[in-house]
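User: I've got a new model open and I'd like to learn how to read it. Can you walk me through some features, with the general idea before each case?

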Amino acid sequence: MTTAHLFHRIFFLLFLFTSSVSAQVANRPTFEIFNEIDRYESEQRKALSSSGKRYDNAAKENVQNDRRALAKKYALEIEGRPNISGKDFYYLARIYSIAENDKKTLESMQRYIASVPDDAIGDMIKSALSFIVVLASRDKQLDVAEKAYQRFITTEPVIQSQRPALQDYLASAYFKESKFEQAIGHAQSAFDLLKTLTPKTVSEKRSRETIYMNLVEVLALGYKRNKNTDQSLSILAEARAQSFTIPSANLYRKVMDFVQGSGFSEKKMMQKIDSYASADPAPEIAITEWIGRESTSLEGMRGKVVLLDFWATWCGPCIATFPRLRGWHKKFGGENFEIIGVTQYYGEQDGKRVTPLQEIDYLREFRQKYKMPYGIAVANSGEAQTKYGIAAYPTTILLDRNGVVRYIGIGAGTEESANLEETIEKVLKESSHLGSN
């Protein structure tokens with residue numbers, strides 16, 4: 001332990017002792033104690049910043065450990081009070097949650113709910129019920145979780161967007177207990193509702209993707225367990241198509257990993273559901289620099305079938321796909337088809353730090369070395385993940401002439417490559433047909 005860390009621990013122990021004594025003497029309200037613990041990390045971060053110290057990973061870990069210890073100590077002190085009641089139980093539960101004591105959190109939330117009338121309404125009650133649903137589901141107390149959920153969905157304010165996350169926990173818990181009908185019931189309800197909701201932020205969008213995939217897994221497995229293979233395949237096919245609609249390469253990867261583990265094939269899903277006809281055009285990509293092609297945009301390429309190849313110079317599997325891409329450029333290239341290699345600045349090449357100008361020069365040489373006959377687009381950092389949910393390279397995304405995602409491919413697998421080539425041919429014919437109308 002460094003000297004700085006040693007002083008930090010000594011300061012915390014002194015703070016813990018004096019704060020605890022102060023709390024016991026003043027018998028502060030539980031909501032004040034919760035607020036102190038809730039703000040503890042941000043206050044410590046400000047203190048370190050004002051003293052010129054970095055809030056690095058080591059400092060963050062120390063502060064979070066101290067926060068948990070403080071929460072544990074305060075929770076025990078509050079438990080010992082003779083007059084705890086009503087909302088005290090709610091704030092005590094929140095403190096236990098910070099202390100990462102799930103059992104006590106659940107117990108305290110149940111004591112709070114038991115203290116209010118059955119027809120009581122408000123955000124605090126909704127919050128308590130959501131805690132009970134999640135923690136009781138984890139603890140396999142399904143009757144408790146179900147009862148809390150049913151009260152949650154009828155308690156004002158009713159906010160539909162909060163339901164899928166809770167049903168996700170319930171569906172998974174029921175499935176683990178081999179109660180497939182109940183699992184399917186919650187999963188299907190949440191699955192259908194989630195598709196009607198439009199996320200407002202990127203983080204909300206990615207969070208809903210996670211819930212969506214969890215529900216897909218429960219439904220696909222549940223229907224398969226109930227000997228309804230066709231319905232299981234339909235759910236997976238719809239999820240695959242939904243990954244195009246969002247678009248999200250990450251969701252597509254999760255669907256396909258599940259498909260492979262279930263013994264299905266992508267070919268069957270391609271026959272089941274191709275794509276949503278009502279899908280919006282894929283989001284634009286902010287491009288910093290173009291290499292080997294004039295500046296353009298996705299909208300500017302409407303009327304063409306466009307294959308976006310997301311790659312990086314340090315990615316071996318990406319380089320392995322270049323001969324295939326060259327072949328498609330030669331076979332399909334022209335007025336109706338174009339490949340765009342999408343990368344970004346990484347600030348280094350071959351283990352050395354480089355400037356953006358040096359990196360552009362390196363990319364030009366790289367393009368010549370690997371005989372890439374198509375243009376390279378250098379996107380703003382984070383565009384691939386933010387706009388397309390890409391978490392692995394190479395990832396290829398096929399857009400039809402209307403700019404709608406029609407296929408997502410991840411990696412350099414031969415089966416996926418064959419399916420992508422088949423889709424290119426199909427969409428090109430479809431484009432010609434559309435173009436003639």
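Analyst: Happy to. Let's settle one term before we start: the helices here are DSSP runs of at least four residues, numbered from the N terminus. Keep in mind, too, that this is a predicted model.

User: Let's begin with pockets. How do you find empty space, and what volume does the largest pocket have?

Analyst: Rolling a probe the size of a water molecule over the atoms shows where empty space is left. In this model, the largest pocket comes out at about 440 Å³.

User: Which residues lie nearest the centre of that pocket?

Analyst: Those are L197, P199, K205, Q242 and I246, out of a lining of 20 residues. Two elements give two or more residues each to that lining: α10 (202–225) and α11 (229–245). Of the elements, α10 gives the most, with four residues.

User: And how does the lining of the largest pocket divide by residue type?

Analyst: You get 10 nonpolar residues, plus five polar and five charged.

User: Next, helices. How do I check a helix length, say for α4?

Analyst: Take 1.5 Å a residue and compare that with the distance between the end C-alpha atoms. Helix α4 covers residues 87–98, 12 in number, so it should span 16 Å; its ends are 17 Å apart, which agrees.

User: Which residues of α4 are buried?

Analyst: Here "buried" means under 20% relative accessible area. In α4 that applies to F89, Y90, Y91, L92, A93, I95, Y96 and I98. The elements covering these buried residues include α2 (30–50), α3 (57–79), α5 (102–114) and α6. Just past the end of α4, E100 has a positive phi of about 65°.

User: Where else is there a positive phi at a residue that is not a glycine?

Analyst: Two lysines to look at. K140, with phi of about 65°, sits in the loop between α6 (123–138) and α7. K371, with phi of about 50°, is in the loop between α16 (356–369) and β6 (375–379).

User: Are those lysines buried or exposed?

Analyst: The cut-off for exposed is over 50%. K140 is at 58% relative accessibility, so it counts as exposed. K371 is at 60%, so it counts as exposed too.

User: Last one: which residues does a cis peptide bond join?

Analyst: Look at omega. One cis bond links E156 to P157, with omega about -5°, and P157 is in the loop between α7 (142–152) and α8 (163–176). Another runs from Y393 to P394, with omega near -5°; P394 is in the loop between α17 (383–388) and β7 (395–399).

How values were computed:
Residues are numbered from 1 along each chain as its sequence is written. This is a predicted model: local features need pLDDT of at least 70, side-chain atom pairs count only at pLDDT 80 or more; totals for chains, interfaces and linings use all residues. Side-chain values use heavy atoms; hydrogens and water are left out. On a 1 Å grid over the protein atoms alone, a cavity is a set of points where a 1.4 Å probe fits but cannot get out, and a pocket is an open set with protein on both sides within 12 Å along at least five of seven lines; lining residues have an atom within 4 Å of a point. Grid points are joined across faces, edges and corners, and a volume is the space filled by probe spheres set on the points. Ala, Val, Leu, Ile, Met, Phe, Trp, Tyr, Cys and Pro count as nonpolar, Asp, Glu, Lys and Arg as charged, and the others, Gly among them, as polar. Buried means under 20% relative accessible area, exposed over 50%, partly exposed in between (1.4 Å probe, protein chains only). The expected span of a helix is 1.5 Å times one less than its number of residues. Contact means heavy atoms within 4.5 Å.
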